[in-house]
Structures are given as C-alpha cells and as structure tokens.
Amino acid sequence: RVLKMEEFFPESFRLDLKNDRNAFFELCKEEQIWICKPSCSNQGRGIYLLKNPADVNTLQAQFHSTEKHLLSKKVPYKAPRARIVQRYIHQPLLLEGKKFDVRSYLLIACTAPYVVFFAQGYVRLTCVNYDGQSDDLTVHLTNQYVQKKNPLYSQLKDETVWRMEHFNSYVNEKFGNTNGLPKDWVLTVFTKRMQRIMSQCFLAAKHKLHRKLGYFDLIGCDFLIDENFKVWLLEMNANPALHTDCKALRDIIPAVVYESL
C-alpha cells in the first residue's frame with residue numbers, strides 16, 4: 001500500500017507558489033506554530049518559527065509589499081525565494097526531556113539500473129530541555145550547526161549525539177512496557193517505517209534523475225517521532241553533514257562514507 005502524504009509528512013506549503021502561499025495564509029488564522037525554512041539550504045540557515053497570527057501577518061505583509069514594489073517598477077515578475085512552511089509537531093517524543101530527531105541515510109548507488117541502500121544513522125538531541133513556547137531556536141532545531149550556538153554545547157556536545165543502539169536500549173527501558181512497544185522497536189518497527197518512507201520518496205522522484213553509469217548520491221533523511229510513536233519525515237538533504245565533531249560521529253560518519261564509496 002502506498003502511504004498517503006499526511007501519514008508521514010507534516011502539512012507543508014511552498015511560499016514561492018502563489019496558490020500554495022494563499023492557501024497557507026488562509027489556513028493559519030489560529031494560534032499555532034509553523035516552521036519556515038528555505039528549500040535549498042542546510043545547517044539550519046534561514047530557518048525561523050511563525051509562532052502566532054502576528055508573525056504570519058508580518059510575513060504576508062512582506063509578500064504584499066514585494067509584489068506591490070515590483071508592479072510599481074514595472075519590472076518582470078520574479079518569484080520569491082523558494083521557502084517551505086511546515087506544520088510544527090507540537091508533541092515530540094523526548095529523550096531525557098530533550099527534543100531529538102534521527103538522521104539516517106539513503107544511498108542512491110546507481111541509476112542505470114536503479115540501486116538504492118539504507119543505512120542506520122544516529123540520534124541528534126538538543127542541549128537543553130524542550131519548551132514548545134521558547135523563542136530559542138536551539139530548543140527546536142536539533143542539527144549540530146544550530147546546537148553549536150548554544151553556550152552549553154562545548155561541554156555537552158558528546159551528549160547531543162546517540163548511537164542507534166543506545167537509542168534502542170533507552171526506548172526498550174523507558175517506553176517498552178508503558179507504551180506497549182515490541183522489544184527493539186527502534187531496530188525493527190521504526191527502521192522498517194523509515195525504509196518504507198525513503199523507498200516511496202525515491203520512487204516518486206526517480207524519473208528526475210539522470211540515468212548514467214557512475215552517478216550516485218548520499219541523501220540524509222531526517223525523521224521525528226511524536227509522543228504517540230508516529231514517525232514523521234521532516235526533510236531529505238542532498239548535502240548531509242559529514243563532520244565528526246563528537247565521539248559518536250567519529251565512529252559513525254567514516255563508516256557511512258567508506259561503505260558508500
């Protein structure tokens with residue numbers, strides 16, 4: 001069965017498409033949080049939260065102002081920079097009180113014929129405890145580049161990355177019985193769900209790939225688990241970070257690169 005988008009991908013809109021943009025501004029009248037991010041960037045650059053109607057109204061006014069300026073100057077219309085607004089997952093599962101997501105990998109090893117592989121990655125945690133109302137981006141975004149901006153990062157950096165085996169043991173101990181999860185949920189149910197979502201995304205996009213021997217790519221896929229243990233795909237990255245800033249990454253990343261090659 002093909003998964004429906006809403007089963008694994010938070011509601012999202014492209015702000016560079018007028019119909020999508022208008023649909024978003026029409027929808028978000030209530031007090032809710034959206035995350036706004038550029039569609040072709042990395043390291044958390046350019047990401048911010050829309051936390052209330054006032055933030056959304058400010059964004060909408062910026063679009064109206066830009067359109068009005070272009071019309072008055074009679075210059076050719078230029079679409080705004082590609083951005084996505086994505087519904088914020090309010091009840092993320094927490095590890096020791098901290099927000100986290102999981103970076104795993106999809107290797108497109110060959111396009112003639114199509115050959116793809118999955119690799120377990122690692123867990124990325126924030127430095128401080130989760131507070132959905134906080135204005136501090138390091139509370140909401142788990143990637144290492146953003147966490148480095150937190151003053152506690154230098155002393156906590158080795159705690160901001162967990163190996164999947166550690167994550168699996170933690171879930172077994174803390175959530176297994178209370179949530180009725182099967183043993184090794186992380187390495188079985190969760191892993192199969194990631195693989196299924198990645199496969200579906202690859203099949204949806206494969207017609208856009210150049211079919212030429214020697215072409216390959218390593219894609220970093222970010223997943224979030226909510227408090228009901230529902231798995232969400234947040235994004236897929238064509239330029240995943242391969243730095244080794246902390247102990248766990250010094251074990252994980254070289255193996256990913258070596259196996260890819």
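Me: How many bridges join strand 6 to strand 7 (residues 114-125)?
Reply: Quick ground rules: this is a predicted model, where local features need pLDDT of at least 70, side-chain atom pairs count only at pLDDT 80 or more, and totals for chains, interfaces and linings use all residues. Residues are numbered from 1 along each chain as its sequence is written, and side-chain values use heavy atoms, leaving out hydrogens and water. Strands here are DSSP E runs of at least two residues and helices are H or I runs of at least four, both numbered from the N terminus, while strands pair if DSSP finds at least two bridges between them. Strand 6 and strand 7 run antiparallel, and the number of bridges joining them is 10.

Me: Which residue in strand 7 stands opposite V102?
Reply: Strand 6 gets to strand 7 through a hairpin of two residues. Across from V102, in strand 7, you'll find V123.

Me: Which residue takes a positive phi in the hairpin of strand 5 and strand 6?
Reply: Strand 5 (residues 94-95) pairs with strand 6 in the antiparallel sense over two bridges, and L94 stands opposite K99. Two residues sit between the strands in this hairpin, and the one with a positive phi near 55° is E96.

Me: How many of the residues of strand 6 (residues 98-111) are buried?
Reply: Buried means under 20% relative accessible area with a 1.4 Å probe on protein chains only (exposed is over 50%, partly exposed in between). Strand 6 also pairs antiparallel with strand 9 (residues 217-225), over seven bridges. It's mostly covered, with a buried count of 13 of 14.

Me: How far is the sulfur of C221 from the closest cysteine sulfur?
Reply: C221 stands opposite S104 from strand 6 and is buried at a relative accessible area of 0%. A disulfide is a covalent bond between the sulfur atoms of two cysteines; here it is called when a pair of those sulfurs lies within 2.5 Å, and the whole structure has zero. The closest sulfur to that of C221 belongs to C201, and it's too far for a bond, at 7.4 Å.

Me: Which helix supplies the largest share of the largest nonpolar core?
Reply: A nonpolar core is a set of buried Ala, Val, Leu, Ile, Met, Phe, Trp, Tyr and Cys residues joined through side-chain atoms within 4.5 Å. The largest has 32 residues, and those with the most contacts inside it include F100, W185 and F223. Suppliers of at least two residues each include helix 6 (164-174), helix 7 (186-205) and strand 10 (231-237). The largest share is seven residues, from helix 7.

Me: Which residue in strand 4 is the bridge partner of C36?
Reply: C36 is buried, with a relative accessible area of 0%. Strand 2 (residues 34-38) and strand 4 (residues 83-87) run antiparallel, joined by five bridges. The partner of C36 in strand 4 is V85.

Me: What is the strand order of the open sheet of four strands?
Reply: Strand 1 (12-14) and strand 3 (48-50) stand at the edges with a single partner strand each, so one side of each has no neighbour in the sheet. The pairing is antiparallel and the order is 1-4-2-3.

Me: What angle does the direction of helix 1 (residues 18-27) make with that of strand 1?
Reply: Axes are lines fitted to C-alpha atoms (for helices, over the stretch in contact), and angles run from 0 to 180 degrees between N-to-C directions. Contact means heavy atoms within 4.5 Å, and helix 1 packs on the sheet by touching strand 1, strand 2, strand 3 and strand 4. Its angle with strand 1 is about 135°.
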